[in-house]
Amino acid sequence: MAATLLDLSRRGDTSAAPVAEMAAGVDGPLASWISAANAQNPTQLLTLATNSQQADGFLGWTTRARLSALDNGVPVELMSQWVLNLSTSIVTTHVGLASGHAPAGGLANHGLLSGGRGTTSSQVSLNRPYPLVAVIASSLTPGQEFFAFAFAQHTFSNRQAVALLIAKDGVSGLWHLGHTDMAGVLSAVAWSSSSARLTLADGFRLDSFSTTSCLLSRPAQWSWITPSIVYQVPLPPVQWLDPVALPQDLAIYTRTFGHLAYFKAADGSEWLMLGAARLMVRVLHPSS
Amino acid sequence: MTFKASALSWSTWNWLSAAPTDVGMRLNEAFASFAAQVNANPGQSNPLAILRNHASATGTSRYGYVWRLGHPSAPVLLRFSNSGNRQGYNLSSSSAQFQLALESTYSNDSSTDGYGSFSSTLFQLNAGLTHYGPDGSPSQSWGGVLLVLMDTTPGQEFFSYTLGPTGAEIYQGNQTLVLFRTPHSSNWNVHVFLSEVYGGQGYSDNGFLAINDSYVSGFLSPAPPSGNNQQLVRGLGFTPAVQATGSFSANRLQPRIQLPSCFWLGTNAHTDPRRFSRTSSPIGNGTFYQLGAAGSVSFSRDLWLLLPTGTPAAMTGWGTVGALPWTSISDRLSFCPLAPLEPLLLGGSAQNDFVTDWPGLAAGAPGVAQHPFFSLQLQGSGSGSGGGGSGGGETGGSRRPSTGVLWPRGAI
């Protein structure tokens with residue numbers, strides 16, 4: 001088992017709108033993958049609510065995941081937005097419950113997601129001829145499905161992103177959604193079934209190791225945001241948050257901001273880094 | 001069932017006593033029972049033995065134990081003893097010590113108030129223990145608890161005890177010791193967790209890992225929650241620094257050394273420190289117990305125990321964990337178990353070796369030519385062969401068009 005890769009890299013000086021062309025290249029593979037993923041997960045439904053070309057003046061993706069989990073008898077719906085404003089270059093990222101989505105709230109046809117977690121602080125360089133190093137990694141292995149799109153404009157820590165991450169949780173079998181903005185700020189949303197509670201993450205559980213060695217650890221899993229209760233009144237009740245394990249083709253590496261760093265592991269597998277958040281994807285597996 | 005959780009409490013705590021009913025000899029009783037059971041496990045090559053206990057004391061103010069962690073070639077001894085009757089504001093971190101040392105360095109005699117002495121130690125750890133006996137200094141008396149967990153299942157045996165005074169004493173020192181086996185360790189691993197509630201004193205949390213027929217210190221991995229997020233996680237283990245050879249050396253698929261799954265570690269900082277708390281699991285799968293105290297500062301760490309509903313009875317003659325004088329709480333904490341962890345994939349002994357690991361800084365032209373993915377984007381023939389071995393999905397030769405540099409794209 002290894003992920004399927006699609007290279008969307010291009011020069012930045014041969015077109016008036018290389019970023020938009022790159023983004024448009026994501027729409028087709030994303031729609032195809034969603035269609036196939038839905039076919040093999042009939043109790044859940046992924047929807048590409050708005051793609052990269054459906055909102056004037058904006059570019060990006062608003063995705064929705066209806067889960068098989070119920071909250072008060074109603075299917076839980078998660079939503080993720082990664083939207084670039086083509087006039088200000090600002091990237092709006094957000095994850096949360098789809099109930100927080102206002103279709104006419106902003107970002108043109110994307111609408112505006114609130115609640116949950118997001119950023120509006122990072123930017124894409126639209127007016128510089130930076131090359132785009134971009135890759136889609138995906139898998140349709142049942143129970144281990146994921147779709148990730150990551151790109152970088154240069155090696156600075158403010159021009160790399162995993163713009164799309166739709167992945168199956170290996171523990172619950174539910175979809176979850178995540179992304180980073182252009183500055184490595186990570187957001188993810190999932191549903192904790194055993195406590196019927198939304199979970200939000202701002203990072204991965206990280207293994208530490210001696211700084212003189214590289215380390216790849218699996219499963220990649222989210223570090224949940226929990227209340228900083230010292231400053232909160234009244235104190236919130238004790239809570240339990242289920243883990244979410246990313247698919248086997250994804251792992252956490254010791255590098256940050258190392259888009260397309262490459263690692264050959266001792267078991268014969270080979271891994272490619274996506275974006276800024278230490279996430280790696282397996283591109284070669286010795287047994288497949 | 002091979003797992004047992006047992007507990008005792010005293011209204012007056014007395015570490016400086018060798019009476020069979022006091023804490024020291026009850027701890028000895030529990031460890032002797034565990035040792036007898038695991039020594040009988042098939043294929044046991046790391047038998048446990050007791051060299052000293054509270055009854056070994058020849059002085060009046062030093063009490064403790066020396067336990068032998070057996071090994072075919074390098075047995076080690078674990079010694080813990082206090083050095084006086086300090087308590088309350090007299091308590092200091094150095095008033096008691098753990099020592100881990102090769103048996104070959106031990107003088108098995110009546111020195112050190114009957115506890116023998118080491119010519120050298122592998123590790124030594126200050127572990128200020130609260131006494132609170134009637135002869136303590138300054139004079140005051142509080143209660144205390146002894147909580148013992150054991151699992152004698154072959155391959156995942158562990159023994160854990162928690163010592164701690166109860167009551168409102170802010171200078172109390174609590175300790176938990178966990179001796180645990182994992183399939184890929186060469187002897188018993190040692191985890192020592194110490195906590196104090198007095199503001200600013202925080203905690204100490206140490207792991208000594210039995211690998212490569214020796215002991216090295218390790219750090220918790222994945223990193224436990226920190227700061228003010230009041231989060232406790234299950235599934236942590238210990239990882240040492242990179243080793244020259246053997247376990248945890250470079251370029252390995254390395255099985256992890258993980259704590260027994262009943263333990264939860266994280267943060268629990270608050271301006272009103274709590275100790276020996278209890279709360280029901282919010283999802284109804286058992287009860288959480290706090291093994292010690294949470295500091296009042298944001299860098300403190302907290303250790304908890306989850307006993308599933310239906311945990312078997314305590315050892316004969318012991319009480320249940322639930323019968324201890326816990327303080328029930330219902331707020332603040334988030335319990336976040338980890339998904340089961342897989343072995344680590346360790347890279348080269350040095351970063352940027354360009355054989356196992358291409359970092360971003362290899363993006364210059366020579367690095368690109370050597371990169372299994374970037375190299376496919378290069379124009380011309382023969383550039384896709386990769387420099388350091390079998391690149392991902394390579395079939396040899398260029399699969400890029402002869403005109404245009406990065407276009408068109410294609411799947412690899």
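A residue counts as buried when its relative accessible area is under 20%. By that yardstick, buried residues make up 60% of the 288 residues in chain A of this predicted model. The overall dimensions of chain A fit with a compact globule: a chain of 288 residues would be expected to have a radius of gyration near 19 Å, and the value for chain A is 18 Å, which agrees. Taken along the principal axes, the box filled by its C-alpha atoms is roughly 55 × 50 × 45 Å. The accessible surface of chain A adds up to about 9,700 Å², and carbon and sulfur atoms account for 53% of that. As for contacts between residues at least 6 apart in sequence, 54% of those in chain A link residues at least 24 apart.

Chain A is built from 1 helix and 21 strands. The helix, H1, covers residues 18–39 of chain A, 22 residues in total. From first C-alpha to last, H1 of chain A reaches 33 Å, close to the 32 Å expected at 1.5 Å a residue. Several residues of H1(A) are buried, among them A:Met22, A:Val26, A:Leu30, A:Trp33 and A:Ile34.

Towards the end of the chain A strand numbering, strand S20 (residues 270–274) makes a nice case to look at. Here 5 of the 5 residues are buried, so S20 of chain A is largely enclosed by the rest of the structure. In a regular strand, side chains alternate between the two faces of the sheet. In S20(A), A:Glu270, A:Leu272 and A:Leu274 point one way, while A:Trp271 and A:Met273 point the other way.

S20(A) has antiparallel pairings with S19(A) and with S21(A). Strand S19 (residues 262–264) is joined to S20(A) by 3 bridges, and A:Tyr262 sits opposite A:Leu272. The hairpin of these two strands has 5 residues between them, and A:Gly268 takes a positive phi near 90 degrees. With strand S21 (residues 279–284), S20(A) shares 5 bridges, and A:Trp271 has A:Arg282 as its bridge partner. That hairpin has 4 residues between the strands, with A:Gly275 in the turn at a positive phi of about 65 degrees.

Finally, the cysteines. A disulfide is a covalent bond between the sulfur atoms of two cysteines. The structure holds 0 of them over all chains. For B:Cys336, the closest cysteine sulfur is in B:Cys262, 18 Å away, which is too far for a bond. B:Cys336 is also buried, at a relative accessible area of 0%, and A:Cys214 counts as buried at 0% too.

Note on methods: Residues are numbered from 1 along each chain as its sequence is written. Chains are lettered from A and ligands numbered from 1 in the order in which they are written. This is a predicted model: local features need pLDDT of at least 70, side-chain atom pairs count only at pLDDT 80 or more; totals for chains, interfaces and linings use all residues. Side-chain values use heavy atoms; hydrogens and water are left out. The expected span of a helix is 1.5 Å times one less than its number of residues. Buried means under 20% relative accessible area, exposed over 50%, partly exposed in between (1.4 Å probe, protein chains only). A disulfide is a pair of cysteine sulfur atoms within 2.5 Å. The radius of gyration is taken over C-alpha atoms; the globule rule is 2.2 Å times the number of residues to the power 0.38. Contact means heavy atoms within 4.5 Å. Accessible areas come from the Shrake-Rupley method with a 1.4 Å probe; for residues, only the protein chains shown count as cover. Two strands pair if DSSP finds at least two bridges between them.
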